[in-house]
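These are my notes on how the helices of this structure pack together. I set down each item as I looked it up.

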Amino acid sequence: MWLFFLFVAVPILEIALFIQVGGAIGLWPTLGIVILTAIAGTYLVRTQGLQALQRLQTALERGQDPAIPLVHGAMILVAGVLLLTPGFFTDAVGLSFLIPPIRAAIIRFAGRHVVARGVSFRMQGQHRAGPQSPPRDPDTVDADYTVLDEDADRPGRDDTDHRGGSGWTRP
């Protein structure tokens, strides 16, 4: 519902602001402001985007958590989209996203109010290395083994017990 409100309210607000500003300063100065904010926004997004990329690379090289530089980079990207969208309201929001203390405050606010939820899934068929959840089937046994007799599976070996020598195979 809030998304519908956003898609209806923002264009109405932009049209109202265009009418007000255009009536106060005229058509050509209004269009000039829109074009100048797009040019300035493109420059600022480019420079701050490159800085965010550099901070991300530094964090990865040092083995640090790259989440904060990624979030800053995403907000700079959103700022670029907002600044390239014609309008005064979107330009104001986009420019505010380019101010690092405001970005940091938004990230802190969102961090307190957004809940991350983990997703769990179970792969079947193919074994992958790494931590796994415990099996749900009670008949499944997760175990490690060591081969004690490497000659047990050699061709030509005359064994009466073809089950292998481990003792784990059921008759």
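I began with the buried residues of helix 4, which are Phe 88, Thr 90, Asp 91, Gly 94, Ser 96 and Phe 97. I worked throughout from a predicted model. I then looked up what covers these residues of helix 4, and I found that the cover includes helix 1, helix 2 (27-61), helix 3 and helix 5 (100-113).

I next examined the pairing of helix 3 with helix 4. Helix 3 spans residues 67-84 and helix 4 spans residues 88-97; I noted that their axes come within 8 Å and cross at roughly 155 degrees. Angles over 145 degrees count as roughly antiparallel, and I therefore recorded helix 3 and helix 4 as roughly antiparallel to each other. I entered their crossing as left-handed.

I listed the residues at this contact. From helix 3 they are Met 75, Val 78, Ala 79, Leu 82 and Leu 83, and they meet Thr 90, Asp 91, Val 93, Gly 94, Leu 95 and Phe 97 in helix 4. I sorted the residues of this contact by class and obtained eight nonpolar, two polar and one charged. I also noted that Thr 90, Asp 91, Gly 94 and Phe 97, which take part in the contact with helix 3, are among the buried residues of helix 4.

I stayed with helix 3 for one side chain. Is His 72 buried or exposed? I found His 72 in helix 3, and its relative accessible area is 13%. Buried means under 20%, so I entered His 72 as buried. Leaving aside neighbours within four places in sequence, I found His 72 in contact with Pro 100, Arg 103, Ala 104 and Ile 107. I placed these four partners of His 72 within helix 5, residues 100-113.

I turned last to helix 1, residues 2-25. I noted 24 residues in helix 1 and a reach of 33 Å from its first C-alpha to its last, close to the 34 Å expected at 1.5 Å a residue. Gly 26 follows helix 1, and I recorded its phi as positive, near 100 degrees.

I then looked up how helix 1 packs against helix 2: the angle is about 125 degrees and the axes are 7 Å apart. That makes helix 1 oblique to helix 2. On the side of helix 1 I listed Phe 18, Val 21, Gly 22 and Ile 25, which meet Leu 27, Pro 29, Thr 30, Ile 33 and Val 34 in helix 2. By class, I entered seven nonpolar and two polar residues for this contact, with no charged ones.

How values were computed:
Residues are numbered from 1 along each chain as its sequence is written. This is a predicted model: local features need pLDDT of at least 70, side-chain atom pairs count only at pLDDT 80 or more; totals for chains, interfaces and linings use all residues. Side-chain values use heavy atoms; hydrogens and water are left out. Axes are lines fitted to C-alpha atoms, for helices over the stretch in contact, and angles run from 0 to 180 degrees between N-to-C directions. Helices (H or I, at least four residues) and strands (E, at least two) are DSSP runs, numbered from the N terminus. Angles under 35 degrees count as roughly parallel, over 145 as roughly antiparallel, 65 to 115 as roughly perpendicular and the rest as oblique. A crossing is left-handed if the near helix is turned anticlockwise from the far one by less than a right angle, and right-handed if clockwise. Contact means heavy atoms within 4.5 Å. Ala, Val, Leu, Ile, Met, Phe, Trp, Tyr, Cys and Pro count as nonpolar, Asp, Glu, Lys and Arg as charged, and the others, Gly among them, as polar. The expected span of a helix is 1.5 Å times one less than its number of residues. Buried means under 20% relative accessible area, exposed over 50%, partly exposed in between (1.4 Å probe, protein chains only).
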